[in-house]
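Student: I am new to this structure and would like a close look at a single part, namely one helix and the loops related to it. Please take me through the residues slowly and explain the terms as they come up.

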Amino acid sequence: MSLSIFDLFKIGIGPSSSHTVGPVIAANRFIAALKQQGRFTATAKVKANLYGSLAMTGKGHSTDIAVMLGLLGEKVDTVDPDQVEAYIAQIYRDKKLNLNAEQMVQFDPEHELVMNFGESLQQHPNGMRLTAYDSAGIIILNEVYFSVGGGFVLSLDEISNTDAVADPLFVEPYPFNCAAELLQRANQAGLSIADLVLANEVVRPNADSIRQRVLNLWDVMNDCIKRGCEETGYLPGGLKIRRRANKLRNELISHPEKALQDPLTLMDWVNLYAMAVNEENAAGGRVVTAPTNGAAGVIPAVLAYYVKFVPGANEDGIVKFISTAAAIGMLYKKNASISAAEVGCQGEIGVACSMAAGALCAVTGGDNAQVENAAEIGMEHNLGLTCDPIGGLVQVPCIERNTMGSMKAINAARLALRGDGEHHVTLDAVIETMRQTGLDMQDKYKETSTGGLAVNAVAC
């Protein structure tokens, strides 16, 4: 499986890459299939069935809203978050939607958007079925999609038959499927991990302006930090969680002298960056999946730490950071999972921490072996992390968990930089351990809100 930097980092909207970004993309694909098969104009009604985690935490993760946005033809990277509420209100009022902004069809969310609680499709816990009917009520298209984490979407054929997901018609100069192979190819070619990933990127179709596209990812991340620092009030969803980033930012800038008294004030800034991003994510704002929305604050926070606090930080370093992080994320995507519904939060915060740790190590002088070591440390100490959001909302413990993942990433990078790259547990071993741990984990700890904090903390 060949992956791009821009597969791991997608511009989308909150609060969840698997529950929001993925369903939008799946609905877009459904519309494309209707058109490709010449059945779009015959469509009079559409229906959506959600299964597994998409149903269990669908309301809290805005999966219902995402499905409707996708059917409207909105795209995850261009939809205006400020217009979403109006779009959905109109659908509920009219009991119709403008399919792909071209054709009015019947769609009453109370009847045509079904949460199948407690029922999962066997291929993956994040399953959804989209069905189109003609004016006589006859099914004209019935498709099943799976949102497998990080905004990746597979059809039933693709998830059932790996050969159906054909690699594009290009040959990467440095293909790799595991960390050992990545290190071997990079060292043989005399390349950093970042340079190897960029070399693989340039052979892809539409490979123009890779550098600018990578820098644009940072621009979106940084804009998200800024918005999160400015907004006040409560997050949506009923938990009455107050935004904290604005207050923390004001305290830090109002008393800069405290940094001279408390050397750990730097931690407060990193916490601020992560908190700001994930408060924006929880509010349905624009974020970058990194590699998921639930963990979207870790990489921006650590990258902001590099940009603002590391001497000599520059645009080359930003490109190196994101490219290195992408290489590490590819390893988890290929060999384990970045879906909390499959492996718990270790597949989201854990992976983001691992990616950020390796990336920070790379831009602060680490060699390839030290980068691999940093990434391994980042995951090793997130193994077994469960996903148990209270009320099905990406708020508690998710927002604070991003701050903790960010600090772990910085510490992991520093530990690796103090070493020589030699270590007992390899990154490949910890990735496989994470995969096995996820298989052993009970479903109630996999983004279903039926265990852990979700049942032991009051949700109102």
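Tutor: What follows starts at one helix and the loop before it, then turns to backbone details in other loops. This is a predicted model, in which local features need pLDDT of at least 70 and side-chain atom pairs count only at pLDDT 80 or more, while totals for chains, interfaces and linings use all residues. Residues are numbered from 1 along each chain as its sequence is written, and side-chain values use heavy atoms, with hydrogens and water left out.

Take α5 (84-94) as the part to look at. Helices are DSSP runs of H or I with at least four residues, strands are runs of E with at least two, and both are numbered from the N terminus. The buried residues of α5 are V84, I88 and I91. They lie on the same side of α5 because they cover an arc of only 55 degrees around the axis. The arc is that of the directions from the helix axis to the C-beta atoms. An α-helix has 3.6 residues a turn, so residues three or four places apart point the same way. On the other side of α5, E85 and R93 are exposed. Buried means under 20% relative accessible area, exposed over 50%, and partly exposed in between (1.4 Å probe, protein chains only).

The loop between α4 (63-71) and α5 holds D82. D82 counts as exposed because its relative accessibility is 68%. Together with D80, E230 and E231, D82 forms a negative surface patch. Patches are made of residues with over 30% relative accessible area and no salt bridge, with like charges joined within 9 Å and nonpolar side chains (Val, Leu, Ile, Met, Phe, Trp, Tyr) within 5 Å. A salt bridge is a side-chain nitrogen of Lys or Arg within 4 Å of a carboxyl oxygen of Asp or Glu. Asp and Glu count as negative, Lys and Arg as positive, and His and the chain ends are not counted.

Next come the backbone details. Most residues other than glycine have a negative phi, and most peptide bonds are trans. A101, in the loop between β3 (96-99) and β4 (103-106), has a positive phi near 60 degrees. A101 is exposed, with a relative accessible area of 56%. For S209, phi is also positive, near 55 degrees; S209 sits in the loop between α9 (193-201) and α10 (210-230). The peptide bond from G14 to P15 is cis, with omega near 10 degrees, and P15 is in the loop between β1 (10-13) and α2 (17-36).

Methods: Accessible areas come from the Shrake-Rupley method with a 1.4 Å probe; for residues, only the protein chains shown count as cover. The place of a charge is taken as NZ of Lys, CZ of Arg, CG of Asp or CD of Glu.
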